[in-house]
Amino acid sequence: MHKATTIFPAPPSIITSAAVGGKKENEGPYGQYFDKINDDPYFTRETYEEGESQLQKQAVRIALEKSGLKEEDIDVLIGGDLLNQCVGTTYGLRDYNLPFLGIYAACSTMSEGLLLASMLAAGGFADIAMAVTSSHFCTAERQYRMPLNYGGQRPPTAQWTATAGGALAVSPKGNAPYVRGVTIGRIVDMGVTDANNMGAAMAPAAYSTIREFFRDTGMSPSDFDHIITGDLGKVGSRLLCQMGDDDGIDIRSRHLDCGLMIYDSESQDVHAGGSGCGCAASMLCGYFVPELKSGRLKNILFAATGALLSPTVSQQGESIPSVSHMVWLSSEKGSGQE
């Protein structure tokens with residue numbers, strides 16, 4: 001174990017996963033990989049916030065059903081979202097009578113949740129640990145920017161918050177995919193103050209974590225099928241790859257970004273790409289986990305990215321600190337000695 005990176009001697013397994021999305025997500029290139037699509041942005045509830053809670057509840061329920069697990073099989077439930085006090089999660093999960101850990105890592109919440117669940121499972125503290133997160137375009141716009149009916153103009157660097165969520169469960173017993181290792185991210189702040197340019201704010205944090213993993217392990221990008229970031233979008237992805245080029249680390253040839261995958265930039269008006277906790281979570285749970293389970297992918301690094309701002313500090317002129325936590329996922333268990 002290094003200061004930030006842990007390689008598990010006995011890698012735990014992701015034993016189930018589920019992805020839930022909305023109408024716009026279904027219209028994107030990966031719509032077929034969602035387990036459930038909701039055309040109603042209210043999710044049959046009265047408010048968008050209640051709808052996001054319903055979305056998260058759906059993700060947990062479907063993940064349990066897909067694996068034949070019951071609520072009482074789960075030892076701990078780890079979750080968070082973008083809303084103040086993580087109310088999307090707490091109100092969504094309050095009916096589950098489970099030990100609960102609420103976390104906040106902005107759009108990197110799924111990688112932090114998976115990281116923590118894996119540590120609990122690998123360390124013998126949980127037989128099954130579950131992680132869940134979500135985002136909703138309408139709740140995020142209302143909280144972070146302007147009321148939807150204000151009609152504010154979105155600059156080209158802005159990203160579209162995904163109405164989506166994902167849930168997965170980790171256990172020390174199971175088959176592929178395996179969580180081979182994790183790297184805990186550091187808070188990185190390069191002085192970006194534009195809340196409509198999340199990609200530029202988050203790219204340095206993603207690069208910091210990716211670079212640390214390679215330094216800690218002695219591995220290189222060529223050891224992986226993909227290096228996947230959460231939602232850097234067009235702007236942040238360019239910056240990330242450029243930082244790698246400057247350091248002689250070839251991220252570019254392996255890089256995928258969930259914010260660039262989830263929507264079709266040609267036919268869907270999402271400006272610089274997708275964002276939100278649910279963007280990376282739904283792509284991981286709906287697409288990448290099954291690809292690893294089938295063996296079509298062998299090794300990936302999943303580094304979701306989060307901007308740790310709030311509307312209050314942004315209005316006060318503060319810069320945007322960011323963090324990126326990363327997980328090494330594999331279709332092979334390995335020896336734990338890499």
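**Buried residues, helix pairs and lone cysteines**

Asn38 is buried, its relative accessible area coming to just 10%. This is a predicted model, and in it Asn38 sits in strand β3, which covers residues 36-38. Setting aside neighbours within four places in sequence, Asn38 is in contact with Val20, Gly21, Gly22, Lys23, Phe43 and Gln58. One of these partners, Lys23, is 15 residues away along the chain, and its C-alpha atom lies 6.2 Å from that of Asn38.

Two further residues show up as buried. Thr89, which belongs to helix α3, has a relative accessibility of 0% and so counts as buried. Once residues up to four places away in sequence are left out, Thr89 touches Gln56, Gly79, Gly80, Asp81 and Phe100. Tyr96 turns up in a loop, the one running between α3 (87-93) and β5 (100-102). Loop or not, Tyr96 is buried too, at 13% relative accessible area. Its contacts, again without neighbours within four places in sequence, are Lys57, Val60, Arg61, Leu64 and Glu71. As for Leu168, 72 residues separate it from Tyr96 in sequence, and the distance between the two C-alpha atoms is 15 Å.

Next come the helix pairs. Helix α2 (residues 48-67) packs against helix α5 (residues 137-144) at an angle of about 130°, and the axes are 8 Å apart. That angle makes α2 oblique to α5, because it falls outside both the 65 to 115 degree range for roughly perpendicular and the range over 145 for roughly antiparallel. The crossing of α2 past α5 is left-handed. On the α2 side the contact involves Tyr48, Glu49 and Glu52, which meet Cys138, Thr139 and Arg142 in α5. Sorted by class, the residues in this contact of α2 with α5 come out as two nonpolar, one polar and three charged.

The other pair is made up of helix α6 (residues 198-217) and helix α7 (residues 233-247), packed at an angle of about 40° with axes 8 Å apart. Here as well the arrangement is oblique, α6 relative to α7. This time the crossing, of α6 past α7, is right-handed. From α6, the contact takes in Gly199, Ala200, Ala203, Pro204, Ala206, Tyr207, Ile210 and Arg211, while α7 brings Val235, Gly236, Leu239, Leu240, Met243, Gly244 and Asp247. The class breakdown for α6 with α7 is ten nonpolar, three polar and two charged residues.

That leaves the cysteines. A disulfide is a covalent bond between the sulfur atoms of two cysteines, and the structure holds zero of them. Cys138, already met in the contact of α5 with α2, is a case in point: the closest cysteine sulfur, in Cys277, is 16 Å from its own, which is too far for a bond. Cys285 is likewise in no disulfide, with the nearest cysteine sulfur, that of Cys258, 10 Å away. The cut-off for a disulfide is a pair of sulfur atoms within 2.5 Å. Both residues are buried: Cys138 has a relative accessible area of 10%, and Cys285 has one of 1%.

Definitions and conventions: Residues numbered from 1 in each chain as written. Predicted model: local features only at pLDDT ≥ 70, side-chain atom pairs only at ≥ 80, totals over all residues. Heavy atoms only, no water. Buried < 20%, exposed > 50% of the residue type's maximum accessible area, 1.4 Å probe, protein only. Axes fitted to C-alpha atoms, helices over the stretch in contact; angles between N-to-C directions. Helix = DSSP H or I, 4+ residues; strand = E, 2+ residues; numbered from the N terminus. Parallel < 35°, antiparallel > 145°, perpendicular 65-115°, else oblique. Left-handed = near helix turned anticlockwise from the far one by under 90°. Contact = heavy atoms within 4.5 Å. Nonpolar A, V, L, I, M, F, W, Y, C, P; charged D, E, K, R; others polar.
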